[in-house]
Amino acid sequence: MRSIQVVDSHTGGEPTRVVLAGGPDLGTGSMADRRELFRTRFDAFRSAVVNEPRGSDVLVGALLCPPVDPDCAAGVIFFNNVGMLNMCGHGTIGLAVTLGHLGQIGAGVHRFETPVGVVSVEYDGAHTATIENVPSWRAATNVSVEVAGHGVVYGDIAWGGNWFFLVSDHGQALDLACVDELTEFSWRIREGLVRQGLTGDDGGEIDHIELFGPPHAVGNDSRNFVLCPGKAYDRSPCGTGTSAKLACLYAAGKLQPGEIWRQESIVGSVFEGWVREAGNRVIPSVRGTAWVTGEATLWLDPTDPFEKGIRR
Ligand code: PYC
């Protein structure tokens with residue numbers, strides 16, 4: 001019987017499960033190397049932790065690892081219902097609040113290694129954390145995609161720690177009551193991107209689709225709907241998605257360095273973001289709040305037919 005220590009939290013409604021102990025030994029390489037080992041050798045562990053019956057499609061896992069750089073508080077590899085993530089903004093906010101809850105970090109600035117670079121997090125000692133994300137950029141603008149059943153849709157391609165296709169002109173209502181339609185529409189955009197061979201400028205798959213519309217709450221700048229790689233929608237405004245949006249706004253001359261953008265999610269939670277310039281890219285900061293929802297020991301019993309989770 002294998003036991004795994006986890007702490008669950010949510011950031012703006014989007015859950016994160018931090019794995020504190022009981023994870024696979026991924027060696028001492030870079031987080032990118034360890035993620036590759038995780039992906040190729042320990043996929044059953046990923047599925048056991050986040051998929052049903054112990055988790056759900058919406059849950060994002062965060063495997064804590066010893067950092068390479070001793071100046072970092074920890075390394076972290078994020079994963080979901082279908083595989084590995086590059087970075088995860090809501091998950092990093094959840095991680096900081098979780099480590100604070102456990103007394104492992106205090107208020108202040110902490111650095112975390114991820115497979116795509118080091119991010120720093122300013123934690124307030126309670127529920128708020130501000131990530132300074134990896135460099136982000138708009139790779140292409142006004143890209144046309146033929147979407148089955150809908151016709152041509154135009155959007156931007158941007159990196160915010162994951163690859164996003166960002167669409168503002170789509171004719172969809174961004175209401176919680178419409179998430180099934182929004183999911184199907186966004187999934188068809190993703191299929192169209194694959195059909196047309198559209199990728200990020202490093203050849204990476206664009207596996208997150210982000211729709212924008214007017215905010216529902218006064219004081220916010222925009223509302224979004226973000227479809228994640230495993231077809232679950234992000235309950236939070238998505239930290240990497242907000243970063244991609246900030247990069248696009250900056251590239252379009254619609255956001256000045258330091259200017260605050262309030263991104264509202266499909267459930268009404270809000271991240272505040274801003275950028276600083278870094279050559280022809282930007283470094284986005286994203287601030288959000290998280291709450292710990294539980295601490296648990298997961299049991300993986302070899303006699304359990306669903307020991308490895310229900311894999312799609
Ligand atoms: O907050 O960056 C994020 C994220 C990615 C996937 C789910 N959440």
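A polar contact is a pair of N or O atoms within 3.5 Å. The legends below use this cut-off and describe a predicted model.

**View 1. Polar contact between Asp 234 and the ligand.** A polar side-chain atom of Asp 234 is placed 2.8 Å from a nitrogen atom of the ligand. This distance of 2.8 Å falls within the 3.5 Å cut-off.

**View 2. Thr 240 and His 90 beside oxygen atoms of the ligand.** Thr 240 brings a polar side-chain atom to 2.7 Å from a ligand oxygen atom. From His 90, it is a backbone N or O atom that lies 2.7 Å from an oxygen atom of the ligand. Of the 240 Å² of accessible area that the ligand has on its own, the protein covers 99%.

**View 3. The cavity and the elements around the ligand.** The ligand takes up the space of the largest cavity. Two elements, α3 (89-101) and α5 (239-251), each give two or more residues to the shell around the ligand.

**View 4. Residues of the shell around the ligand.** The residues shown are Cys 88, Gly 89, His 90, His 208, Cys 228, Asp 234, Cys 238, Gly 239 and Thr 240. Sorted by class, the shell holds 3 nonpolar, 5 polar and 1 charged residues.

**View 5. The protein chain that frames the close-ups.** The chain contains 5 helices and 15 strands. Its radius of gyration is 18 Å, close to the 20 Å given by the globule rule for 312 residues, so the chain is as compact as a globular protein of that length. The C-alpha trace spans about 50 × 45 × 35 Å along its principal axes.

Terms used
Residues numbered from 1 in each chain as written. Predicted model: local features only at pLDDT ≥ 70, side-chain atom pairs only at ≥ 80, totals over all residues. Heavy atoms only, no water. Near = heavy atom within 4 Å. Polar contact = N/O pair within 3.5 Å; in protein donor to acceptor, adjacent residues only side chain to side chain. Areas by Shrake-Rupley, 256 points an atom, 1.4 Å probe, with all protein chains shown as cover. 1 Å grid on protein atoms, 1.4 Å probe; cavity = no way out; pocket = protein on both sides within 12 Å on 5 of 7 lines; lining within 4 Å. Sits in = over half its atoms within 2 Å of the grid points. Helix = DSSP H or I, 4+ residues; strand = E, 2+ residues; numbered from the N terminus. Nonpolar A, V, L, I, M, F, W, Y, C, P; charged D, E, K, R; others polar. Rg over C-alpha atoms; globule rule 2.2 N^0.38 Å.
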